[in-house]
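Let's take a walk through this protein together, starting from one small spot and working outward. Have the structure open and turn it as you read.

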Amino acid sequence: MLSGTGKARTLVRLAGSAIRQKAVCNCAAAYGTDVFRNRNSDGMLGRVLLRNPSAPVMQWKRTMFIQTQDTPNPHSLKFLPGVTVLDAGQTMDFPNVSSAQCSPLAKLLFRIEGVRSVFFGADFVTISKVEDAEWSIIKPETFAVIMDFFASGLPVVTGANPNNSTQINEDDDETVQMIKELLDTRIRPTVQEDGGDIIFMGFDDGVVKLKMQGSCSSCPSSIVTLKNGVQNMLQFYIPEVVSVEQVTDEVDKMAETEFSKLEKQIRQKDEQSNEKS
């Protein structure tokens, strides 16, 4: 524990490109936190250095190593900060910046140009990018934002509850209970390993209605996953299941509209850059 009077201040030293420096300065200015970083091929290693105003000696407080993991979706990347993001089994989806108002971290991530959506799992953050954006630009800025945010000590989510669609309610009939139980124990953990989630939306006339989130929402193979994976498993254990359908809601439609606008803006910038060169 640090001794002396006054509050401990966080000192930042950043080694990296000008892009990462800019991202870190913005985050540090917002939260008064800084981080020293070392990169390697697998991720980024950061140490938070706390300094007591009355003490001449600086002390290492903790180390953060952020790893990345590919997903079946080429436009989504999973970031593992090595710390708890949400409670075990919980997820939260932010398909657009409007839906991210309850999360200080998600709002910061949406400031990175090219980020299409943000998704939180228990121990990971999934970033989905627009098609024309480059991971070589998005990854360093994402490293910086995540590292600085967890150094700040701020809550990941405020005033909102994570997804609990598979929670069994008193008015659920036996079939719905079995569907939720299978989703929660056999299907969702596997999908979350790929940086996404499946949300139960309803069961009507033998049709299970599900919503894809995170890396799964824009994945080219999501329909195959639903039909060949989820549907086959549910039908094997629950004869009442006839089929599985993917559904969307108003938030998804809004996100798709914003995504189209963002893609258009990126294409226009690329065209302008090409004309200048």
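Start with Gly196, whose bridge partner in strand 10 is Gly214. Keep in mind that what you're looking at is a predicted model. That glycine pair belongs to a longer run of pairing: strand 9 (residues 196-204) and strand 10 (residues 207-214) are joined by eight bridges and run antiparallel. Follow strand 9 to its end and you reach a turn, since the two strands make a hairpin with two residues between them. One residue to look for in that turn is Asp205, which has a positive phi of about 50°.

Now, what else does strand 10 pair with? The answer is strand 11, over four bridges and in the parallel sense. As an example from this pairing, find Lys209, which stands opposite Glu245 in strand 11. Put the pieces together and you get an open sheet of three strands in the order 9-10-11, with mixed pairing. The edges are strand 9 and strand 11 (243-246), each of which pairs on one side only. If you look along the sheet, you'll find that neighbouring strands are turned against each other by 30° on average, ignoring direction.

Next, bring a helix into view. Helix 4 lies across strand 9 and strand 10, and it runs at about 165° to strand 9. This helix covers residues 174-193, and Val191 is part of it. Is Val191 buried or exposed? Its relative accessible area is 7%, and anything under 20% counts as buried, so Val191 is buried. Which residues does Val191 touch, once neighbours within four places in sequence are set aside? They are Gly196, Asp197, Ile198 and Cys216. So we're back at Gly196, the residue we began with, now as a contact of Val191. As for its partner Gly214, the C-alpha atoms of Val191 and Gly214 are separated by 9.6 Å, although the two residues sit 23 apart along the chain.

One of those contacts deserves its own stop. Asp197 sits in strand 9, and its relative accessibility is 0%, so Asp197 counts as buried. What do its side-chain atoms meet there? There is a polar contact of 2.6 Å between the side chains of Asp197 and Thr91, and another, of 2.8 Å, links the side chains of Asp197 and Arg188. Leaving out residues up to four places away in sequence, Asp197 also touches a number of others, including Phe119, Asn163, Gln192, Lys211 and Met212. Val191 and Cys216 are on that list too.

Cys216 has now turned up as a contact of both Val191 and Asp197. With a relative accessible area of 10%, Cys216 is buried. Another cysteine to find is Cys102, which is buried as well, at 15% relative accessibility. How many disulfides does a search of the whole structure find? It finds zero.

Finally, zoom out to the whole protein. You'll see six helices and 11 strands, built from 277 residues, of which 45% count as buried. Among contacts with a separation of 6 or more, 59% are between residues 24 or more positions apart. On the outside, the protein exposes about 14,600 Å², and carbon and sulfur atoms supply 48% of that.

Technical notes. Residues numbered from 1 in each chain as written. Predicted model: local features only at pLDDT ≥ 70, side-chain atom pairs only at ≥ 80, totals over all residues. Heavy atoms only, no water. Disulfide = S-S within 2.5 Å. Buried < 20%, exposed > 50% of the residue type's maximum accessible area, 1.4 Å probe, protein only. Contact = heavy atoms within 4.5 Å. Areas by Shrake-Rupley, 256 points an atom, 1.4 Å probe, with all protein chains shown as cover. Pairing = 2+ DSSP bridges. Axes fitted to C-alpha atoms, helices over the stretch in contact; angles between N-to-C directions. Polar contact = N/O pair within 3.5 Å; in protein donor to acceptor, adjacent residues only side chain to side chain.
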